[in-house]
Amino acid sequence: MGLIGKTRKFLSGLKMKDYLTFSDRINIRDIAFRDPYVINCGDEYILTGTKYRFSYNDGDGVYIYKSRDLENWRGPFKIVDKNKLPGAFSDFWAPEIHKTENGYVLLLTLKPAGGKRGTYLFTSESPDSEFTFKTRITPEDKSSLDATLICENGNHYIVYCYEYIDCKDGQIRAVRLKEDFSGILPDSDVLLFKASANTYMPVNSKFKVTDGPFFVKTDKSIIMLWSTMVKGDRYVQLAARSENGLFGNWRQLPPLFTGDGGHGMVFEDFGGSLKLILHAPNRRTVFTRKFEHPVILPFVIKDN
């Protein structure tokens, strides 16, 4: 990142007086989150995301907010504390909370001191209590981020982004989890999709980004959400469809959001409607309090 980008984030961070101040009523547009993720708990929603102040790397843990109407929230509450981890880590990106047969798992992208960035797995008995550090669940030799969880034919897979800083043409890959979620099975790392497969305003740069995979299953197909940078240095929310499973043929769909925002996921609201949540804008401004914040939209897929 250039000097201008670093300066912009630093100066914007100085304006964040309410960075960690608790509020029992905060509008979703005032929550400074990237990579938002919502879990419907039946009687309330829990929102988490990437929270930083001066740079992407200065996160000190994972925070959540709670709501009953998706508009007004209370929080933040801390569910992962950097100071309690078994080692030195930075980033704290793209947290996702998933309910499993044995409780809840949190997937979180961290950069270990002296090592490559990757996603780590934490566990808890409830989605709003402190999560316990367990293990890394992306390959140690790949700089990776933004892992998500999907079940296919009774097996659990971690789908993650292999970063462009390692491979130039960013990739989306899948690894199979062990049955007890204690790690990944060897020799199970499979390529699903490359950033160069993007047909919506592709960039000419040799460095191409893949961010934030997330899956929505329908009766006859799987839809994969993912984000990238396109011409004009603009962040967009894209989607692809496979009609023959996770390891099938992925076909690009029309974009879901092109207004400089992305890293979205889909959840079901209390009324049974599917909602798309993403962050926008993708950049902070310097002289106004315009930060990345969650945006909730109807989830509508258009086919080619």
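**Exercise 1. A salt bridge across the chain**

Is E44 buried or exposed? Classify E44 by its relative accessible area, then describe its salt-bridge partner in this predicted model.

*Solution.*
Step 1. The relative accessible area of E44 is 10%. Buried means under 20%, so E44 is buried.
Step 2. The side chain of E44 meets that of R74 in a salt bridge, with an N to O distance of 3.3 Å.
Step 3. This pair joins distant parts of the chain, 30 residues apart: R74 belongs to strand 5 (residues 72-81), and E44 to the loop between strand 2 and strand 3 (45-50).
Step 4. R74 has a relative accessible area of 28% and is therefore partly exposed.

**Exercise 2. Two further salt bridges**

Which residue forms a salt bridge with K84? Locate both partners, and then treat the pair R241 and D303 in the same manner.

*Solution.*
Step 1. The partner of K84 is E130, and their closest N and O atoms are 3.3 Å apart.
Step 2. K84 is placed in the loop between strand 5 and strand 6, while E130 is in the loop between strand 8 (118-124) and strand 9 (132-136); the two are 46 residues apart and link distant parts of the chain.
Step 3. K84 has a relative accessibility of 57% and so counts as exposed. For E130 the value is 42%, which means partly exposed.
Step 4. R241 and D303 meet through their side chains in a salt bridge of 3.6 Å, N to O. Because R241 lies in strand 16 (residues 234-242) and D303 in the segment after strand 20 (293-298), the pair ties together parts that are 62 residues apart in sequence.
Step 5. R241, at 13% relative accessibility, counts as buried, whereas D303, at 39%, counts as partly exposed.
Step 6. The pair is part of a network of salt bridges that links R241, E243, R251 and D303. In total, the structure holds 18 salt bridges.

**Exercise 3. The second largest pocket**

Which residues lie nearest the centre of the second largest pocket? Characterise its volume, its lining and the elements that contribute to it.

*Solution.*
Step 1. The volume of the second largest pocket is about 540 Å³.
Step 2. Its lining consists of 24 residues, and those nearest the centre are Y37, H98, F214, F215 and V266.
Step 3. Two or more lining residues come from each of strand 2 (34-40), strand 6 (89-100), strand 10 (144-152), strand 14 (211-217) and strand 18 (262-268).
Step 4. By residue class, the lining of this pocket holds 16 nonpolar, five polar and three charged residues.

**Exercise 4. The second largest cavity**

How many cavities of 30 Å³ or more does the structure hold? Describe the second largest of them.

*Solution.*
Step 1. There are three cavities of 30 Å³ or more.
Step 2. The second largest cavity encloses about 60 Å³ of space.
Step 3. A195, S196, N198, P202, V203, K208, T228 and M229 line the second largest cavity.
Step 4. Sorted by class, this lining comprises four nonpolar residues, three polar ones and one charged residue.

**Exercise 5. A nonpolar surface patch**

Which residues make the nonpolar surface patch of about 250 Å²? Place L14 and classify its accessibility.

*Solution.*
Step 1. The patch is made by F10, L11 and L14.
Step 2. L14 is situated in helix 1 (residues 3-14).
Step 3. The relative accessibility of L14 is 46%, so L14 counts as partly exposed. Membership of a patch requires over 30% relative accessible area, a cut-off that the 46% of L14 satisfies.

Terms used. Residues numbered from 1 in each chain as written. Predicted model: local features only at pLDDT ≥ 70, side-chain atom pairs only at ≥ 80, totals over all residues. Heavy atoms only, no water. 1 Å grid on protein atoms, 1.4 Å probe; cavity = no way out; pocket = protein on both sides within 12 Å on 5 of 7 lines; lining within 4 Å. Points joined across faces, edges and corners; volume = space filled by probe spheres on them. Helix = DSSP H or I, 4+ residues; strand = E, 2+ residues; numbered from the N terminus. Nonpolar A, V, L, I, M, F, W, Y, C, P; charged D, E, K, R; others polar. Patch = residues over 30% accessible without salt bridge, like charges linked within 9 Å, V, L, I, M, F, W, Y side chains within 5 Å. Areas by Shrake-Rupley, 256 points an atom, 1.4 Å probe, with all protein chains shown as cover. Salt bridge = Lys/Arg side-chain N within 4 Å of Asp/Glu carboxyl O. Buried < 20%, exposed > 50% of the residue type's maximum accessible area, 1.4 Å probe, protein only.
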